[in-house]
Structure formats: structure tokens, C-alpha cells
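Please find below some comments on the model, set out as numbered points. They start at the surface and then turn to the metal sites.

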Amino acid sequence: MSFSIERYKEESKKVDVTGIEWDEVAAHALSKGDLFCLHYMMDIENHVPLYLSHLLVTRACMDPILTAFLACWNYEELWHGENIGRLLNLYGIEFDTQERIANVRANLGFQNSVSLMSTMAGSWLLKDFSAVYLTIGAINELSTLTGYGALIRKSGHPVLKDLLSRIIKDERRHYAFYFNSAKEWLSGNAKAQKVDRWMLNRVWVPVGQGVKKQEEVDALAMYLFDDEQGEEELLELDAKIGKLPGLSGIKLMSKALNAARERVKRDPRWAWRLIENEEWAIKPPKRSPVGELTGRRGQPMEAEPVEAGAP
Ligand SMILES: [Fe+2]
Ligand SMILES: [Fe+2]
């Protein structure tokens, strides 16, 4: 698996949706589980700019190759969220994308600022922060594309399959960047390997957790991976991450699935009730000073006419 940053910079573009049969979206049914996953995935794709804001204040961003990647990556992820939203709207689920994004962010509240500051401080204290961040990036991208693959399989929806297959190609490139960069950082660096493994076993959480609650993360994991094939895919995923120097035998995603299963065993309604009750709507927080900073009140912006010769 090779990756060239120069080639990536040249070729990075928004996902090409030419020829997708958007008119056919509503002609094929999606289950409640499919819809739950699509809302989750869209929200996490749309969360990328905020995630990026956490990264740009870290020591990892002293690396110009990383910042070049992030500049392109952020743009590509934007279009993943936009297109999943488009598909949901065409399926007949009404929401305003900007309002939904604003509500997701407002619900994070003050926790977002605390997390940003602790990531920043932690990165400057920890010399091998990049090793941890790059490995987490690799796991996140690989779990995202594995999740999209599982949703294609579960839903059997032809238009969704077409869209997600195109998005998966982008995710593969993102994964290749993170994996190769993590490998480079970890190779021959025993201390970084030790720190990486230690941190992953303690601070790593599945992609989306933090924006989504534990029960929502579990609902996604149970719906997509709680069968023989799903479990196998997560074991394979862990095995791929285990190929990074110092991470042999590490269990992350398969461990998260087992933990979700345990919680469901203790309470059989856990996670599934969210899917059953169609709890994918995002309500604005009842009272939030952060909420006042998000969303645009009033009419959509229109370009002011500019007189000829004006600066
Ligand atoms: Fe994405
Ligand atoms: Fe990605």
C-alpha cells in the first residue's frame, strides 16, 4: 500500500457523483437500522472541520506534509457528509443540513473546548503524540470504510451502494496516508511504539464516540457487525493495525464490539431501542450559550451587488 502526498495533492477532489441514479433512491427501501447508521455516519463526516480544529493546535501540525494532507482531506470529507445528506433527503427524510450540523455542535457544548485544550496541551507534552494520532487516524479511516462496506451489505440498496463505493475509494487513500505515516514514525522507535500501544489501550474510542453517546456507538456496532461476517471483518481490521511496529496482536474494534455485546446482554433493549424508536433526529440543546454561536439566524446570505470599480 503506497501513498504519495504529491500525487494526492494533485488528484484530491470532491467525490464524483456523476451517473448516480438519485431518482431511484426512494424506489428501494432502507431499514430503520440503515437509516440510523446513515444519520450517524453523516454527522461524523460533517464533524470533520471541528475534529480538524483540534488537530491544528497540536505539535503534529508542525509537519507540512500532514497539513497538506489535512487541507485536502477536510474538503473530501465535506462532500461525503453532503452526499449522504442528499441521499437521506431524497429518501424523504426532511432536515436542513446546516441546522443539523449546528445542533450537533451545540450539543457538544463546553466539552468541545475542554477536549480541544487538553489535546493541544497533551500533544506538546508528549513527544510521540504524532505516533498516537496517526495510528488513530489509520484506525478511524479503516473502520469508516469497513462500516460503509457493512452498510452496503446490510442495506442491499443499489443507489446507496453506488455512492458508498465511491466514498470508500477516498477513505482508502486516507487510510493509506495515516497507516504509512504511522509506520514511518514508529519504525525503529521503541519508545514511540510503547507510548502508542499504551495510549491506544487507554484513550482510543471508536470513530464518532464523543460526538455520539456510548449507546449510539453500540447501536451502530451491533447493527453492522454483530454477525459472523461482521465479527470477522473487525478481527481483520485489528490484524491490519497490528501490522504497525509495536502493535502486534492489539485488539481494538473487536474488543469494542464485544463490549457492546456485553452491554446488550445485560439489557437487551440497550442500543436496539434507539434504532427501533427512530432516534436519529438531533434536537437543539434546551439552553446553551454555545448554541447561540452556531447556526445562522435569518435569511440565507446573498451576495451584495458590487459596483464596478469598487475595491
Ligand atoms: Fe469520509
Ligand atoms: Fe476519510
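1. M62, M117, M120 and W124 make up a nonpolar patch on the surface, and together they have about 430 Å² of accessible area. Please keep in mind throughout that the model is predicted.

2. One member of that patch, M120, sits in helix α6, which covers residues 111-125. The relative accessibility of M120 is 32%, so M120 counts as partly exposed; the range for that class begins at 20% and ends at 50%.

3. N258 belongs to helix α12 (residues 253-266). With a relative accessibility of 39%, N258 is likewise classed as partly exposed. Between N258 and S113 there are 31 Å in space, C-alpha to C-alpha, and the two are 145 residues apart in sequence.

4. Turning to the metals, which residues supply the donors of the iron ion (ligand 1)? They are E45, through two OE entries, E77 (OE), H80 (ND1) and E171 (OE), at 1.9 to 2.3 Å from the ion. The spacing of these donor residues along the sequence is E-x31-E-x2-H-x90-E. H80 is in helix α4 (residues 64-91) and E171 is in helix α8, so this pair ties together parts that lie 91 residues apart in sequence.

5. Are H80 and E171 buried or exposed? H80 has a relative accessible area of 0% and is therefore buried. E171 also has a relative accessible area of 0%, so E171 is buried. The cut-off for this class is under 20%.

6. The iron ion (ligand 2) has E77 (OE), E141 (OE), E171 (OE) and H174 (ND1) as its coordinating residues, at 1.9 to 2.3 Å. Their sequence spacing reads E-x63-E-x29-E-x2-H. E171 and H174 are three residues apart in helix α8 (residues 158-186), so about one helical turn separates them. H174 is buried, as is E171.

7. Why is the arrangement around the iron ion (ligand 2) irregular? The four donor atoms subtend angles of 91 to 138 degrees, which makes it so. A tetrahedral assignment would require all angles to lie between 85 and 135 degrees, and the upper end of the range here is 138 degrees.

8. Finally, how far apart are the iron ion (ligand 1) and the iron ion (ligand 2)? The distance between them is 3.8 Å, and E77 coordinates both. E171 is also listed among the donors of the iron ion (ligand 1) and among those of the iron ion (ligand 2).

Note on methods: Residues are numbered from 1 along each chain as its sequence is written. Chains are lettered from A and ligands numbered from 1 in the order in which they are written. This is a predicted model: local features need pLDDT of at least 70, side-chain atom pairs count only at pLDDT 80 or more; totals for chains, interfaces and linings use all residues. Side-chain values use heavy atoms; hydrogens and water are left out. Donors are N, O and S atoms within 2.8 Å of the metal (3.2 Å for Na, K and Ca); water is not among the atoms, so sites may look incomplete. Four donors count as tetrahedral if all angles lie between 85 and 135 degrees; four count as square planar and six as octahedral if opposite donors are over 155 degrees apart and all others between 65 and 115; anything else is irregular. Helices (H or I, at least four residues) and strands (E, at least two) are DSSP runs, numbered from the N terminus. Buried means under 20% relative accessible area, exposed over 50%, partly exposed in between (1.4 Å probe, protein chains only). Patches are made of residues with over 30% relative accessible area and no salt bridge: like charges are joined within 9 Å, nonpolar side chains (Val, Leu, Ile, Met, Phe, Trp, Tyr) within 5 Å. Accessible areas come from the Shrake-Rupley method with a 1.4 Å probe; for residues, only the protein chains shown count as cover. A salt bridge is a side-chain nitrogen of Lys or Arg within 4 Å of a carboxyl oxygen of Asp or Glu.
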